[in-house]
Amino acid sequence: MTTAKSGRHVQETGSSSLSRRSFVGALAVFTALTFIGVPAEPAHAQAAVAQKIADHFASVKTMSGEFVQFGPRGEQTGGKFYISRPGKIRFNYEAPSPMRVISDGKSVVIGNQKMKTWDIYPLSKTPLKLLLSDNIDLTGKMVRDVKEEADLITIVLGDRSVFGDATITLMFDPKTYDLRQWTITDAQKKDTSVMIFNVKNGVPMDNKVFTIPYDDINNRGK
């Protein structure tokens, strides 16, 4: 197996600007689930609630379901996702979207099958490392705000070193702590929202689901 290089980008056709837009669109799906450092410090009680939710999420070793993504201009895409701890995740966008996001426990690849572009990164250098670990250690500095309501718990996250001035708002069921949806607000205050449904926990997963085609990707760059 060929080892993926940090930040390697292989492209056959299409402009770099299109690749970047595709990359950001894919990030909207999986980075919203991550619990990453932020500068603000909420009250201790808020941090405790956030940690309970993180512990619940980390306790789910395998997960699959469907998602619908709403873009800032009203565009809508959807697909299916699969998670297996530690380190594995896959998002398949439905046609006509050509996007695929795969982590095999070592590397993460974001691919555009139509444009034949690929971006590969070490898992350890992405927010997915924390998302897909067996334990999620959440401290007060990692959460910007927590709001508890009768039918919803809302947690606001952000990391200037990764997302600049963007923030991520996650919404959970207050009884089960299950994730319902999230919204990413970018530096231009534009929102991308994702809803998940038909979620199944503890389902058997075939490791082939998380296979990254390293040889195919590397050959396309030649």
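In the predicted model, the backbone oxygen of V60 lies 2.8 Å from a polar atom of the side chain of R85. The R85 side chain also reaches the backbone oxygen of S133, at 2.7 Å. R85 sits in the loop between strand 3 and strand 4. This arginine is buried but has no salt bridge. The nearest side chain of opposite charge belongs to D134, at 5.7 Å. That distance does not qualify as a salt bridge, because the cut-off between a side-chain nitrogen and a carboxyl oxygen is 4 Å. Backbone oxygens of V60 and S133 are thus among the polar groups that the R85 side chain meets.

The peptide bond that follows R85 is also notable. From R85 to P86 the bond is cis, with omega near -5°. P86 belongs to the loop between strand 3, residues 76-84, and strand 4, residues 88-93. A cis bond also leads from A95 to P96, with omega near 15°. P96 is placed in the loop between strand 4 and strand 5, the latter spanning 99-104.

Strand 5 holds R100. R100 is buried and lacks a salt bridge. For this residue the nearest side chain of opposite charge is E94, 9.7 Å away. Polar partners come from other groups. The R100 side chain makes a polar contact with the side chain of N92 at 3.3 Å. The backbone oxygen of Y93 is reached at 3.1 Å. Beyond neighbours within four places in sequence, R100 contacts R90, F91, N92, Y93, V109, I110, G111 and Q113.

The chain as a whole comprises 5 helices and 12 strands. Of its 222 residues, 50% are buried. Contacts between residues at least 6 apart in sequence were examined for their span, and 57% of them join residues at least 24 apart. The exposed surface comes to about 11400 Å², of which carbon and sulfur atoms supply 51%.

Strand 12, residues 191-201, pairs with two strands described here. Strand 2, residues 62-70, runs antiparallel to strand 12 and is joined to it by 7 bridges. Within this pairing, F70 has S193 as its bridge partner. Strand 11 is likewise antiparallel to strand 12, with 5 bridges between them. There, I184 is partnered by T192. Strands 11 and 12 form a hairpin with 5 residues between them.

K189 lies in the loop of this hairpin, between strand 11 and strand 12. Its phi is positive, about 65°, although the residue is not a glycine. K189 counts as exposed, because its relative accessibility of 63% is over the 50% mark. Y177 also has a positive phi of about 65° without being a glycine. This tyrosine lies in the loop between strand 10, residues 167-172, and strand 11, residues 179-185. At 22% relative accessible area, Y177 is partly exposed, since the limit for a buried residue is under 20%.

The region around strands 10 and 11 also meets the loop between strand 8 and strand 9. D151 occupies that loop, which lies between residues 145-148 and 153-157. Not counting residues up to four places away in sequence, D151 touches P174 and R180. The C-alpha atoms of D151 and K175 are separated by 8.4 Å, although the two residues are 24 apart along the chain. R180 has a charged partner in D173, and their side chains meet in a salt bridge at 3.1 Å, N to O. The two ends of this bridge differ in burial: D173 is buried at 17% relative accessible area, whereas R180 is partly exposed at 35%.

The structure contains 4 salt bridges, including the R180 to D173 pair. Another joins R73 to E75, with the closest N and O atoms 3.7 Å apart. R73 is exposed at 72% relative accessibility. Its partner E75 is partly exposed at 33%. K147 and E149 form a further bridge, their closest N and O atoms lying 3.8 Å apart. Both members of this pair are partly exposed, K147 at 46% and E149 at 37%.

How values were computed: Residues are numbered from 1 along each chain as its sequence is written. This is a predicted model: local features need pLDDT of at least 70, side-chain atom pairs count only at pLDDT 80 or more; totals for chains, interfaces and linings use all residues. Side-chain values use heavy atoms; hydrogens and water are left out. Helices (H or I, at least four residues) and strands (E, at least two) are DSSP runs, numbered from the N terminus. Buried means under 20% relative accessible area, exposed over 50%, partly exposed in between (1.4 Å probe, protein chains only). Contact means heavy atoms within 4.5 Å. Accessible areas come from the Shrake-Rupley method with a 1.4 Å probe; for residues, only the protein chains shown count as cover. Two strands pair if DSSP finds at least two bridges between them. Lys and Arg count as positive and Asp and Glu as negative; His and the chain ends are not counted. A polar contact is a pair of N or O atoms within 3.5 Å; within protein, one must be able to donate a hydrogen and the other to accept it, and residues adjacent in sequence count only if both atoms are side-chain atoms.
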